[in-house]
Amino acid sequence: MPYEPPTHAVERSLRATTGAKIIAGVDEVGRGAWAGPVTVCAAVTGLRRAPDGLTDSKLITPKRRTELAVVLEGWVTSYALGHSTPEEIDELGMTAALRLAAVRALDALPVQPDAVILDGKHDYLGLPWKVRTVIKGDQSCIAVAAASVIAKVRRDAMMAGLEAQFPEFADFAFADNAGYPSPVHKAALAERGPTPYHRLSWSYLDALPRWRHLKKIRLSAEAAALEDGGQLGFDF
């Protein structure tokens, strides 16, 4: 399906309205997974012409996405990744875990940005950063699109690495599903229960009577509600 390539329109607007000179695009991957971290990438691109084919990582084939990530990692001015572990997600809830991962990514940049373009409609980052949220920013903003591709490829590689490092988890097929729900993943969960890399506060455990006792209950009802909001469409 044809799509409009991303532009620097939002970056230019932020420069004009806030005086920001260094602007980072920020995107996440792994929010809807049942296993593995949530990963955030912060990418600074300046106003240079983007590599051909850049768009939201979800619109690119895995092969092309991997090739493009290699190009992007050399093309961007700078980028950094931040992760929140399954344990942190269970303890904090997804919104706070996203913020933690984003802060880690932004803090790891060699130069701190003056402003941030955040994919989506909800500002989970907040002060002290100047944040502009953009719905479908990973399709419309060059810096956010670059962050989305790098984040997706790097997290997928991490999950594939888990399967390679721990053959006993091969039944979960993390290399294929990256910790997201899939028929193979669901069948392995029902038979073997969650691994140390699964999120244990999530509602998929409610549908697994053998393993329901492992579910972690978060004290904050608000945090639990926010997390469940990130699981829509992924329950058994």
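**Notebook: sheet, helices and cores**

I started with helix 1 (residues 9–18), which lies across strand 1, strand 4 (115–119) and strand 5 and runs at about 150° to strand 5. The model is predicted, so I took local features only at pLDDT of at least 70 and side-chain atom pairs only at pLDDT 80 or more, while totals for chains, interfaces and linings use all residues. Residues are numbered from 1 along each chain as its sequence is written, and side-chain values use heavy atoms, without hydrogens and water.

My terms come next. Helices (H or I, at least four residues) and strands (E, at least two) are DSSP runs, numbered from the N terminus. Axes are lines fitted to C-alpha atoms, for helices over the stretch in contact, and angles run from 0 to 180 degrees between N-to-C directions. Contact means heavy atoms within 4.5 Å.

**The sheet**

I looked up the strand order. It is 3-2-1-4-5, in an open sheet of five strands with mixed pairing. Two strands pair if DSSP finds at least two bridges between them. Strand 3 and strand 5 (131–134) stand at the edges with a single partner strand each, so one side of each has no neighbour in the sheet. On average, neighbouring strands are turned by 20° against each other, direction ignored. Helix 6 (residues 142–165) packs on this sheet and touches strand 1, strand 2, strand 3 and strand 4. The direction of helix 6 makes about 40° with that of strand 1.

**Strand 2**

Next I checked strand 2 (residues 38–44). Seven of its seven residues are buried (under 20% relative accessible area, 1.4 Å probe, protein chains only; exposed is over 50%, partly exposed in between). Strand 2 is therefore largely enclosed by the rest of the structure. In a regular strand the side chains alternate between the two faces of the sheet. Here V38, V40, A42 and V44 are buried on one side, and T39, C41 and A43 on the other.

I then followed the pairing. Strand 1 (residues 23–29) runs antiparallel to strand 2, joined by six bridges. Strand 3 (residues 78–84) is also antiparallel to strand 2, over seven bridges. V40 is the bridge partner of E28 and stands opposite G82 in strand 3. A43 stands opposite Y79.

**The cores**

Which residues touch the most other members of the largest nonpolar core? They are V26, V40, L106, L109, Y124, L125 and Y204, out of 38 residues. A nonpolar core is a set of buried Ala, Val, Leu, Ile, Met, Phe, Trp, Tyr and Cys residues joined through side-chain atoms within 4.5 Å. Helix 4 (94–108) gives the most to this core, with eight residues. Another core lies apart from it, with 19 residues, including W75 and V153.

**Helix 8**

In helix 8 (183–192) I found H185, A188 and L189 buried. They cover an arc of only 100° around the axis (taken from the directions from the helix axis to the C-beta atoms), which puts them on the same side of helix 8. P183 and E191 are exposed on the other side. Helix 7 (174–177) is included in what covers the buried residues. Just after helix 8, G193 takes a positive phi of about 80°.

**K58**

Last, I looked at K58, in the loop between strand 2 and helix 2 (62–75). K58 is exposed, at 64% relative accessible area. Its side chain makes a polar contact with the side chain of D138 (3.3 Å). A polar contact is a pair of N or O atoms within 3.5 Å; within protein, one must be able to donate a hydrogen and the other to accept it, and residues adjacent in sequence count only if both atoms are side-chain atoms.
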